[in-house]
Amino acid sequence: MTLATTRDLIDNFGAGNRAVLAFNVITLEHAEAIAIGVERANTGAILQVSENAIRFHNGRISPIIAACAKIAAESSAPISIHLDHFQDLALTEHAIDLANDLGVSSIMVDAAHLPHDRNVRQTRELARRAHARGLWVEAELGEIGGKDGAHSPLARTQPDEARDFVAQTTVDGLAVAVGSSHAMTSQVAELDLTLIAQLAGIVPVPLVLHGSSGVGDTTLVAAIAAGMRKINVGTALNIAFTGGVRRFLATNPDVTDPRTYIRDGCESISRTVTHLCTVLDVAAAHNPNTSDSALLTGLGTH
């Protein structure tokens, strides 16, 4: 299957009151394991690479993004490539300029750490630049918990402010604070489902849930039913990978070939991905407006 676009994935899944899973990639092994998990579930998903992941790769954007795009293009599942939480202005502009050549179809321009007026101005300008390249643009109104300098998970996005922010910036998707937090290692987040429904009713673009690793399955299903359309998952994959490697090495302490224990870590990621895709299928069963076959046909390519 050819490379999908984030816009088409979100539009097609959203038409059936479903949400698209967006999985954070740190290494090549993440990307491969995620694709396998998505294929097993017979669905679509987004591979997203953050600014922090780019910095982990010594600031080089092209190698890891190109690898993700190749994996997605050769997958039997519709998968798109997204750039996540790009804050550094120069790096963001550089990434936007490279996006088309690398197979990237969307970006989150994250200026939420700035004062509100600067957030609006910078997001609007970057959205204009990204739209000129055909990219789908996500942004964030106020920081979501778990990042440096962020407010607590008790913070909430106000519907009227969210609506006005989207109108001022022309972004295509909005990450909102509704009770989740980044980097959560246990599923104890309590989402404000009433607020999600209010936001979905007034904000004219798809809502994005960050920090989804801290959300239990039942709550995640309810959040999608309330209006969430893009679900970001990162920490849960790292927990799965690390757990798989640790279990293998605990029983095979003399092994030195990384292919053996990395394989176990990757399989743990794939199982986690397939499980989460299945959870979203449960959410779809609550809103069965379209079939899986309809969702997976006619998706645009990049």
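A salt bridge here is a side-chain nitrogen of Lys or Arg within 4 Å of a carboxyl oxygen of Asp or Glu. Everything below comes from a predicted model, where local features need pLDDT of at least 70, side-chain atom pairs count only at pLDDT 80 or more, and totals for chains, interfaces and linings use all residues. Residues are numbered from 1 along each chain as its sequence is written, and side-chain values use heavy atoms, with hydrogens and water left out.

**View 1. A salt-bridge network ties together Glu-93, Asp-97, Arg-129 and Arg-133.** These four residues are linked through salt bridges into one network. For the wider picture, searching the whole structure turns up 15 salt bridges.

**View 2. Arg-128 pairs with Glu-125 in helix H6.** The closest N and O atoms of this salt bridge are 2.5 Å apart. Both residues sit in helix H6, which spans residues 116–132, and they are three residues apart, about one turn of the helix. (Helices, H or I with at least four residues, and strands, E with at least two, are DSSP runs numbered from the N terminus.) Glu-125 has a relative accessible area of 39%, so it counts as partly exposed. The cut-offs are under 20% relative accessible area for buried and over 50% for exposed, with partly exposed in between (1.4 Å probe, protein chains only).

**View 3. Glu-74 and Lys-70 form a salt bridge in helix H4.** Here the closest N and O atoms are 3.5 Å apart. The two residues are four apart in helix H4 (residues 62–74), again about one turn of the helix. Glu-74 is exposed because its relative accessibility is 60%, and Lys-70 is exposed because its value is 53%.

**View 4. Arg-259 meets Asp-257 in a salt bridge.** The N to O distance is 2.8 Å between these side chains. Arg-259 counts as exposed, since its relative accessibility is 60%. Asp-257, with a relative accessible area of 27%, is partly exposed.

**View 5. His-210 makes side-chain polar contacts with His-85 and Asn-232.** A polar contact means a pair of N or O atoms within 3.5 Å; within protein, one must be able to donate a hydrogen and the other to accept it, and residues adjacent in sequence count only if both atoms are side-chain atoms. The contact to His-85 comes in at 2.9 Å, and the one to Asn-232 at 3.3 Å. His-210 belongs to the loop between strand E7 (207–209) and helix H9 (217–226). With a relative accessible area of 1%, His-210 is buried.
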